[in-house]
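Good morning. I have one structure to show today, and I will keep to a few parts of it. Please have a look at it first.

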Amino acid sequence: MSTQPPATNSSGYNTPDSELESIVPVHPTAVRRPNYITVQSENTVYTDDHITAKYLNRGADVVVSDGQFTILPTVKPYEFQTTRKVGKTGLMMIGLGGNNGSTLCATIIANRHQMAWHTKEGIQQPNYIGSVLRASTVRIGTEPSTGKEVHVPISDVLPMVHPNDLVLGGWDISGLPMDKAMERAKVLDYDLQRQVKPHMALLGRPLPSIYYPDFIAANQEARADNVVPGTDKQIHLEHIRADIRRFKAENELDRVVVFWTANTERYSDIIPGVNDTADNILAAIKNSHLEVSPSTLFAVAAILEGEPFVNGAPQNTFVPGVIALAEREKSFIGGDDLKSGQTKLKSVLAEFLVNAGIKPLSIASYNHLGNNDGHNLSAEPQFKSKEISKSSVVDDMVDANRLLYKPPVLGATGKAAKGEHPDHIVVIKYVPAVGDSKRAIDEYYSEIFCGGRQTINIFNECEDSLLATPLILDLTILTELLTRVKYRGEGQTDFAPLHSVLSLLSYMCKAPLVKPGTDVVNSLGRQRNALESFLKACVGLEGNSDLLLETRIW
């Protein structure tokens with residue numbers, strides 16, 4: 001009896017045991033390119049272990065006196081040291097079985113196995129389109145013979161985790177197995193679901209999560225069948241810490257990124273003596289205080305385990321005590337709220353209008369969606385968290401142009417204390433029929449020359465989870481990289497880690513968390529420029545310059 005040869009190009013339930021050879025090549029966004037660029041400079045040194053680069057941070061001190069601005073240019077030398085070895089990295093998501101979590105797991109599996117699938121448009125190949133790190137490029141210089149600019153993928157500037165290599169796990173208040181969770185989400189094409197389903201089944205069920213009904217909408221109770229029992233928050237903290245340690249040990253990981261992609265919570269009240277200092281937040285957990293949210297508990301668990309925590313939702317997970325604890329433990333935190341669609345566009349268009357000397361008078365934003373995120377946001381306390389996150393996006397752009405907007409009035413209260421600002425309203429409605437396909441409608445109403453008016457209307461339809469999932473990957477990969485970057489200033493002997501608050505994650509976040517005492521930058525262009533400039537600084541290259549002096553002189 002002859003033996004059948006192993007199947008190729010197979011799909012469906014036999015895929016875990018088959019050796020898949022895709023009928024399409026690896027997509028450029030998923031290709032591996034080790035050691036793609038090398039900088040030859042006296043400022044950059046490569047060893048087997050590190051990339052060390054000298055960098056001059058140029059700025060300016062400004063003194064204002066009687067309306068006169070006096071500017072003193074400054075130059076501060078730094079060195080950056082990046083560990084070249086990319087450790088084995090795990091991603092533990094809170095909300096693993098939700099739309100984002102299940103979509104991320106399924107699409108990584110599809111990329112690992114090069115699963116091509118049929119759609120009504122034809123054959124579709126897996127990719128990482130939508131990922132800033134994997135699907136966009138950075139200018140690194142010009143080719144001398146042609147004078148043409150040279151661009152490389154951002155992921156090639158420094159050694160970064162490849163998304164296919166992430167070890168996946170996490171928690172969910174719903175105990176639905178991951179293959180069933182993917183089906184429930186209704187995000188991916190059926191033919192892809194069919195192929196990836198057996199692999200998803202191997203992921204099993206999410207770990208039991210923390211469920212405090214007061215923090216999320218009551219309509220989520222029906223899903224909460226997979227929760228850590230009891231009400232003792234100290235026991236819950238130790239339970240989550242043990243989960244992180246076990247996941248790290250069982251998978252022999254060097255790093256675990258803990259990521260909140262679960263339901264939006266209501267805001268926590270900031271109470272002196274409860275969550276305002278590191279010691280107080282730990283005491284509040286020990287006393288099971290009612291204002292300690294599940295997301296804060298997960299953040300504290302990650303901090304105490306020395307693993308980075310990223311908040312992908314809008315609630316105030318990082319109360320002052322959590323930030324102070326991260327600083328004390330030299331752990332890394334970042335967030336808040338994934339910036340994928342309407343808010344990302346708003347941070348571009350508002351900046352464009354203000355920089356063009358046009359004065360937005362009002363910005364009205366309407367959304368409706370039908371996934372579980374929309375269901376949870378239909379409750380007023382959870383919507384308020386999202387409203388706060390979405391509404392602050394234009395603040396720094398307004399503050400930068402007091403020719404158009406009146407400045408704050410010293411000693412004033414209410415609106416006058418903030419200064420003149422566009423009227424800004426955000427509406428979110430739950431419409432089950434549209435599922436994951438979110439609709440966003442924006443109206444920008446502006447003052448133009450000599451009392452004229454301009455109205456810009458934008459209609460944006462997008463698949464919510466397919467925009468959000470690449471951002472989770474970007475935030476995870478960039479967070480892991482930043483844990484391997486150290487710096488030292490002039491006169492310092494030893495290299496030190498970056499500040500605990502990873503503000504370089506701002507490009508992907510609606511309400512960027514920044515180092516205490518520093519200003520928030522919401523401008524998408526400035527956020528992108530900061531990220532590019534930092535990565536280039538780590539290999540000894542100058543920051544972005546659009547001066548292009550050689551094109552403007554003889």
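I will go through a sheet, a helix and a surface patch, in that order.

Keep in mind that this is a predicted model.

Let me begin with the sheet. Six strands make it up, and it is open, with parallel pairing. Reading across, the order is 10-9-4-11-12-13. At the edges sit strand 10, residues 207–208, and strand 13, residues 333–335, and each of these pairs on one side only. Take one pair as an example: strand 12, residues 309–311, runs parallel to strand 13, and three bridges join them. Within that pair, V310 is opposite G334 of strand 13.

Next, helix 9, which covers residues 342–355. How far apart should its ends be? With 14 residues at 1.5 Å a residue, the expected span is 20 Å, and the end C-alpha atoms are indeed 20 Å apart, so the two agree. This helix is mostly covered, with ten of its 14 residues buried. Among the buried ones are Q342, K344, L349, L353 and V354. Just past helix 9 comes G357, where phi is positive, at about 80°.

Last, the surface. V62, V64, F69 and I71 together make a nonpolar patch of about 420 Å². Two elements give two or more residues each to this patch: strand 2, residues 50–65, and strand 3, residues 68–83. I71 belongs to strand 3. Is I71 buried or exposed? Its relative accessible area is 56%, and exposed means over 50%, so I71 counts as exposed.

That is the end of my part.

Definitions and conventions. Residues are numbered from 1 along each chain as its sequence is written. This is a predicted model: local features need pLDDT of at least 70, side-chain atom pairs count only at pLDDT 80 or more; totals for chains, interfaces and linings use all residues. Side-chain values use heavy atoms; hydrogens and water are left out. Patches are made of residues with over 30% relative accessible area and no salt bridge: like charges are joined within 9 Å, nonpolar side chains (Val, Leu, Ile, Met, Phe, Trp, Tyr) within 5 Å. Accessible areas come from the Shrake-Rupley method with a 1.4 Å probe; for residues, only the protein chains shown count as cover. A salt bridge is a side-chain nitrogen of Lys or Arg within 4 Å of a carboxyl oxygen of Asp or Glu. Helices (H or I, at least four residues) and strands (E, at least two) are DSSP runs, numbered from the N terminus. Buried means under 20% relative accessible area, exposed over 50%, partly exposed in between (1.4 Å probe, protein chains only). Two strands pair if DSSP finds at least two bridges between them. The expected span of a helix is 1.5 Å times one less than its number of residues.
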